[in-house]
Amino acid sequence: MTLEALKQQAEALQQQQKPLEVSVCVSASCISLNSQKLAETLEQEVRQQGLEAACLVRKVGCRGLCSRGPLGAVRRREERVLLQHLALEDAPRLVAELKDGQPVLLEKQLSFQTAFFARQLPVVTEHIGSIDPEKLDDYLAVGGYQSLLTALTERSPVQVVDEVVASGLRGRGGAGYSTGLKWRTVAKAQGAPKYVICNGDEGDPGAYMNRSVLESDPHRVLEGMAIAAYAVGASLGYLYVRAEYPLAIERLKKAIRQAERQGLLGQNIGGTDFNFAVEVRLGAGAYVCGEETALLASIEGGRGLPRPRPPYPAEKGLFGRPTLINNVETFANIPSILRHGAAWFARLGTEKSRGTKVFALAGKIVNVGLVEVPMGMTLREIIFDLGGGIPDGDHFKAVQTGGPSGGCIPADYLDSPVDYESLTALGSIMGSGGMIVMGSDTCMVDVARYFMGFCRDESCGKCVPCRVGTVQLYGLLDKISQGQATASDLALLEELCELVQQTSLCGLGQSAPNPVLSTLRYFPQEYQAHLQGNCPAGVCNMTKEAVV
């Protein structure tokens with residue numbers, strides 16, 4: 001398919017829209033609430049009530065507001081109505097009211113103008129919730145793959161790399177390294193073949209940003225990977241996705257087959273001499289395989305163990321060849337950057353953290369779900385304006401960003417901007433984008449113990465500081481939580497945190513102490529209370545009064 005043919009097909013698809021449309025979310029969270037059956041019931045009702053010629057029932061991806069699911073929407077001419085908490089029994093009435101021109105399900109309507117939607121800035125998620133993730137035509141109708149074919153026909157690989165460098169995009173997997181500079185390194189590296197890998201091994205508790213993008217807009221990620229492959233000179237790509245994401249895997253494989261049939265992946269893409277094939281590889285659930293060198297070992301068929309760097313994967317990666325590794329969200333930004341230009345993207349966000357970021361809001365928060373906001377928005381705005389604050393009249397206590405390797409940030413810093421540098425200064429990290437909100441009934445010692453237990457269990461065991469250090473740290477935290485620790489145990493805890501942080505081989509061990517260090521920094525009074533045999537939140541099981 002040529003660029004001109006693609007544009008003509010997209011225009012023809014846009015003109016085929018029906019005057020009425022009912023869409024239903026079929027991402028994992030809503031499917032768990034029976035949304036797939038709801039969509040099928042709506043299709044049946046449309047047929048039975050004679051609306052087939054005028055009304056389309058569309059299955060779409062995640063709209064983000066997961067706590068209000070199943071979500072649906074109605075488009076009637078220029079009117080758009082969002083519906084929440086839909087149930088199977090709503091289907092006959094919804095279609096009947098649509099047929100009669102009446103307002104639909106008034107008691108379940110939710111305005112698109114609420115802060116949750118109005119204050120977002122969708123770039124990665126711009127089409128999520130409006131297109132069917134299993135239909136290539138839907139992606140083509142909104143301009144899908146045009147950025148790829150424009151790059152192939154109108155720009156050199158060097159120009160594409162320069163555009164990504166100028167955009168200021170930083171890797172959304174957590175480290176925040178310049179995406180364009182990484183691409184440039186791979187492009188200049190000697191040796192063939194070269195590989196492009198999408199890291200979809202999202203293992204942070206409470207985080208599901210990448211899963212949602214893969215489930216809701218898989219072609220966007222494939223297009224970003226193909227553009228990257230053209231830019232760096234690669235001909236084969238791998239999507240590494242954890243096996244716990246069956247729906248994402250199914251839709252990715254289907255999207256790959258669809259793109260291959262249309263000549264958008266595979267041989268001679270867009271009638272050019274550029275070839276790029278993509279394969280899906282499943283991860284077995286090891287958290288450490290989110291680290292890029294452990295991921296490479298897993299794809300090669302070995303045990304997922306990290307290795308010392310240098311050499312970096314950009315020079316010596318998969319099978320010893322130059323390899324570009326970016327995560328799902330990073331690749332999903334690329335089509336928009338190529339379409340709108342580097343200057344457009346660079347205007348979003350802050351001076352050092354350009355663009356937007358997708359966050360998963362979880363824990364004690366009203367609006368559990370996904371949001372995409374410009375970098376630099378404050379924690380307070382994200383948690384209270386978009387997230388709706390803390391439920392049941394409770395008070396905010398802390399938010400952990402960056403998953404089990406992130407830090408816990410207290411209420412005093414709610415007005416801090418969310419960007420790479422600001423979060424690091426607070427003792428946390430951006431990570432892949434998880435935000436776990438905690439209320440007043442949370443024990444921060446227990447939080448630190450939980451996440452240290454996670455890191456202990458997920459340690460690959462290759463290096464002694466992580467293998468032994470996380471076990472010892474967990475033991476100290478458990479001792480504190482039982483009211484059996486002394487002041488010397490607390491001093492040892494802090495000393496050991498610094499040792500593990502400074503001497504571990506990979507990012508898992510190096511960042512594992514973050515929850516402990518941040519809670520020691522911001523909630524020292526809770527540790528002191530535990531030394532006295534008292535858990536202020538009433539969470540820990542104090543088995544013995546401490547002797548200090």
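This section describes two sheets, a largely enclosed helix, one residue of a further helix, and the pockets and cavity of a predicted model.

One of the two sheets is an open arrangement of five strands in the order S2-S1-S3-S4-S5, in which the pairing is mixed. Its edges are formed by strand S2 (55-60) and strand S5 (109-110), each of which pairs on one side only. Strand S4, comprising residues 79-83, runs antiparallel to S5 and is joined to it by two bridges, with Leu-82 standing opposite Leu-110 of S5. Two helices pack on this sheet. Helix H3 (residues 35-48) touches strand S1 (20-25) and S2, and its direction makes about 170° with that of S2. Helix H4 (residues 90-99), in turn, touches S1, S2, strand S3 (72-76) and S4, and its direction makes about 15° with that of S3.

The other sheet is likewise described as open, with five strands in the order S11-S10-S14-S12-S13 and mixed pairing. Strand S11 (369-374) and strand S13 (408-410) are the edge strands, each pairing on one side only, and neighbouring strands of the sheet are turned against each other by 30° on average when direction is ignored. Within this sheet, strand S10 (residues 356-363) runs parallel to strand S14 (residues 434-439), to which it is joined by four bridges; Ala-360 has Gly-434 of S14 as its bridge partner. On pairing with S11, S10 adopts the antiparallel sense over six bridges, and Thr-356 has Pro-374 of S11 as its bridge partner. S10 and S11 together form a hairpin, with five residues between them. S10 is also mostly covered, since seven of its eight residues are buried.

Helix H16 (residues 379-386) lies across S10, S11, strand S12 (396-401), S13 and S14, and runs at about 115° to S12. Glu-381 is placed in this helix and, with a relative accessibility of 22%, counts as partly exposed. When residues up to four places away in sequence are not counted, Glu-381 touches Arg-119 and Leu-386. Glu-381 is also 9.4 Å from Pro-417, C-alpha to C-alpha, although the two are 36 residues apart in sequence.

Helix H13 (residues 292-299) is largely enclosed by the rest of the structure, because seven of its eight residues are buried. The buried positions are Glu-292, Thr-293, Ala-294, Leu-295, Leu-296, Ala-297 and Ile-299. These residues pack against one helix and several strands, namely helix H9 (179-188), strand S6 (195-200), strand S7 (236-242), strand S8 (277-283) and strand S9 (323-327). H13 is followed by Gly-301, whose phi is positive, near 100°.

The empty space of the model was then examined. The largest pocket contains about 1400 Å³ of space and is lined by 48 residues, of which Gly-173, Gly-174, Ala-175, Gly-290 and Glu-291 lie nearest its centre. H9, S9, helix H17 (420-425) and helix H21 (507-511) are the elements that give two or more residues to this lining, so that H9 and S9, against which the buried residues of H13 pack, also take part in bounding the largest pocket. By class, the lining of the largest pocket consists of 15 nonpolar, 22 polar and eleven charged residues.

The second largest pocket has a volume of about 1100 Å³. Its lining comprises 42 residues, and those closest to its centre are Glu-21, Arg-80, Gly-129, Ser-130 and Ile-131. In this lining, 20 residues are nonpolar, eleven are polar and eleven are charged.

With a threshold of 30 Å³ or more, the count comes to one cavity, and about 60 Å³ of space lies in the largest cavity. The residues lining the largest cavity are Val-288, Pro-306, Ser-459, Cys-460, Gly-461, Lys-462, Cys-463, Cys-466, Leu-505, Cys-506, Leu-508 and Gly-509. By class, eight residues of this lining are nonpolar, three are polar and one is charged.

Terms used
Residues are numbered from 1 along each chain as its sequence is written. This is a predicted model: local features need pLDDT of at least 70, side-chain atom pairs count only at pLDDT 80 or more; totals for chains, interfaces and linings use all residues. Side-chain values use heavy atoms; hydrogens and water are left out. Buried means under 20% relative accessible area, exposed over 50%, partly exposed in between (1.4 Å probe, protein chains only). Contact means heavy atoms within 4.5 Å. On a 1 Å grid over the protein atoms alone, a cavity is a set of points where a 1.4 Å probe fits but cannot get out, and a pocket is an open set with protein on both sides within 12 Å along at least five of seven lines; lining residues have an atom within 4 Å of a point. Grid points are joined across faces, edges and corners, and a volume is the space filled by probe spheres set on the points. Ala, Val, Leu, Ile, Met, Phe, Trp, Tyr, Cys and Pro count as nonpolar, Asp, Glu, Lys and Arg as charged, and the others, Gly among them, as polar. Two strands pair if DSSP finds at least two bridges between them. Axes are lines fitted to C-alpha atoms, for helices over the stretch in contact, and angles run from 0 to 180 degrees between N-to-C directions.
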